[in-house]
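Open the model in a viewer and keep the selection tool at hand. The stops below say what to select next and what is there.

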Amino acid sequence: MSNRVIICETSEIIANGLADIIDGMAQFDVVARIDSPEHLSERILSTDANVLVINPALLGYQNKEFLSDLGKEHPNLIAVALLTSCLDHSCLTPYIGVIEINDTRSKIISKMNEFAQSETTKNADDVELSKRETDVLVAVAKGMMNKEIADQMNISIHTVISHRKNITRKTGIKSVSGLTVYALLNNLIDEKDLI
Amino acid sequence: MPKKKTPFSKDAKFAELLTEDRRLLQLLPRFGIGLGFGDRNVEQVCQINHVNTDLFLMICEIYSESGYKPEKHELQHIDMGDLLSYLKASHLYYLDERFPHIEEHLQRIIDACGQKYGPMLSHFYDDYKQEVMRHIKYYEEEVVFPYIEALLNGKRTDSYKIDEFEHNHTNIQDTLDDMMNILLKYLPGDILPKERIEISYDIMELSDDLNRHSLIEERILIPCVESLENAKP
């Protein structure tokens with residue numbers, strides 16, 4: 001399966017240069033180039049991207065927080081740091097790996113392949129519903145609409161949709177009535193909870 | 001591109017079609033083709049049974065090759081009346097034969113589930129059945145088909161156009177897939193396993209059949225109706 005990449009970098013020269021290298025790889029498609037992390041989550045959702053290459057300087061000291069929030073909304077997303085200047089190394093811990101401004105084309109290619117590899121292994125283990133996903137599942141099973149769920153759980157509607165995608169991927173069940181049965185069978189809800 | 005040789009030609013032996021793809025057997029009753037066709041070829045069998053040979057072969061192709069899409073010029077020979085009778089016969093087959101058959105099995109599973117899981121399983125199935133009925137009976141048979149029949153009789157109306165056609169079969173199939181998952185993966189293992197395996201075969205077959213049915217609507221019915229709509233009065 002091909003990887004869908006979003007590049008988040010202010011410099012057009014750097015972003016386009018990197019996009020050119022990544023687009024040349026068989027397993028990768030660059031689906032979006034953006035110059036600021038604003039609305040990143042929505043873009044990931046609308047482009048169905050699974051790889052984010054981002055300049056950590058854009059996030060300042062918020063790298064950890066930002067990426068951990070992003071990871072909750074998009075559990076399949078892998079984040080790669082694009083390092084263009086000297087930066088405090090503690091910023092880089094939330095990333096799966098780093099591409100540096102002086103890396104050669106072949107080095108970038110081998111790094112990207114390696115990162116994508118680790119993503120597939122992560123995916124294979126990832127079959128249990130997370131706490132957040134279970135909460136969404138219960139709400140769906142009780143007949144709540146996406147908007148209501150978002151309001152109640154204090155998350156965006158996009159996040160709800162992304163949780164629902166993951167629930168379907170993990171359980172194999174698509175319909176609301178099927179999810180209700182699933183929730184009942186796994187004792188996540190009680191018959192009494194249903195209207 | 002040269003047309004590849006298939007057993008789906010007018011002068012092939014009718015019996016060869018069925019050895020090529022045994023799923024085609026289930027099409028015979030819908031076309032009103034009886035058994036006992038002997039060694040006759042496809043065209044002869046179709047003629048005896050008053051079936052449009054082109055339409056019959058086209059539907060056979062869709063059943064045995066999901067990538068098959070008839071060309072525009074091939075569709076010109078299709079008789080809409082025959083196509084509608086075929087689709088109606090398929091609907092009858094689903095509603096009067098396949099679903100009751102699955103229900104019978106399912107009822108035994110529901111009974112064995114007892115008070116704990118029985119009611120919800122039965123509720124799940126009822127919801128699903130309603131959705132199927134809504135699409136097939138109250139939408140296709142009461143809105144779409146009468147519209148097409150009126151068109152065939154030269155009556156034009158602006159109240160409906162075929163491009164509004166609801167491709168609702170995906171929903172119907174999704175729920176069938178969910179039912180499979182529930183029966184195989186999530187119901188406790190000790191509840192009638194043999195019955196559950198058997199019903200799964202039936203569900204898979206029905207799911208595949210419904211899938212072909214919607215391909216027939218998408219690739220034959222809709223383009224044919226579009227050209228009817230665009231024809232000069």
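Start by selecting G154(B): just after helix 6 of chain B, this glycine takes a positive phi of about 80 degrees. The model is predicted, and the phi value is computed from it.

Now step back into helix 6 of chain B, residues 80-152. Put a distance label between the C-alpha atoms at its two ends: they are only 8 Å apart. What would a straight helix of 73 residues span? At 1.5 Å a residue, a straight helix of that length would span 108 Å. To see where the direction changes, centre the view on G114(B), where helix 6 of chain B has a kink of about 145 degrees.

Colour chain B by pLDDT next. The average for chain B is 89, and 94% of the residues score at least 70. Which elements of chain B have the lowest and the highest mean pLDDT? The lowest mean, 85, belongs to helix 7 (residues 169-186) of chain B, and the highest, 95, to helix 3 (residues 42-48) of chain B. A general caution applies here: where pLDDT is low, predicted coordinates should not be read in detail.

Stay with helix 7 of chain B and select Q173(B), which lies in it. Is Q173(B) buried or exposed? Q173(B) is partly exposed, because 17 other C-beta atoms lie within 10 Å, while a residue needs 20 or more to be buried. Beyond the residues up to four places away in sequence, Q173(B) touches S207(B), L210(B) and N211(B). Add D208(B) to the selection: this residue is 35 residues from Q173(B) along the chain, and their C-alpha atoms are separated by 8.6 Å.

Show chain B as a whole in cartoon. Chain B has 8 helices and 0 strands, so the pattern along its sequence reads α-α-α-α-α-α-α-α. Of the 233 residues in chain B, 21% are buried. Among contacts in chain B with a separation of 6 or more, 74% are between residues 24 or more positions apart.

Switch to chain A, which has 8 helices and 5 strands. Their order along the sequence is β-α-β-α-β-α-β-β-α-α-α-α-α. Buried residues account for 32% of the 195 residues in chain A. Among contacts in chain A between residues at least 6 apart in sequence, 65% join residues at least 24 apart.

Select strand 3 (residues 51-54) of chain A and show its side chains. V51(A) and V53(A) point one way, L52(A) and I54(A) point the other way, and all are buried. In a regular strand, side chains alternate between the two faces of the sheet.

Add strand 1 (residues 3-8) of chain A, which runs parallel to strand 3 of chain A and is joined to it by 4 bridges. Look for I6(A), which stands opposite L52(A).

Then add strand 4 (residues 78-83) of chain A. Strand 4 and strand 3 of chain A also run parallel, with 4 bridges between them; V80(A) in strand 4 is the bridge partner of V53(A). Why is strand 4 of chain A largely enclosed by the rest of the structure? The reason is that 6 of the 6 residues of strand 4 of chain A are buried. On one side point I78(A), V80(A) and L82(A), and on the other A79(A), A81(A) and L83(A).

Go on to helix 8 (residues 176-185) of chain A, which is mostly covered, with 8 of its 10 residues buried. To pick out the buried residues of this helix, select S177(A), G178(A), L179(A), T180(A), V181(A), Y182(A), A183(A) and L184(A). Just after helix 8 of chain A, stop at N187(A), which takes a positive phi of about 55 degrees.

Finish with both chains shown together. Here 10 residues of chain A are in contact with 14 residues of chain B. The chain A side of this contact divides into 5 nonpolar, 4 polar and 1 charged residues. For the complex, the predictor gives an ipTM of 0.73 and a pTM of 0.66.

Key:
Residues numbered from 1 in each chain as written. Chains lettered and ligands numbered in written order. pLDDT = per-residue confidence, 0-100. Expected span 1.5 Å × (residues − 1). Bend = angle between axes of the 7 residues up to and from the residue. Buried ≥ 20, exposed ≤ 12 C-beta atoms within 10 Å, placed from the backbone. Contact = placed C-beta atoms within 7 Å. Nonpolar A, V, L, I, M, F, W, Y, C, P; charged D, E, K, R; others polar. Pairing = 2+ DSSP bridges.
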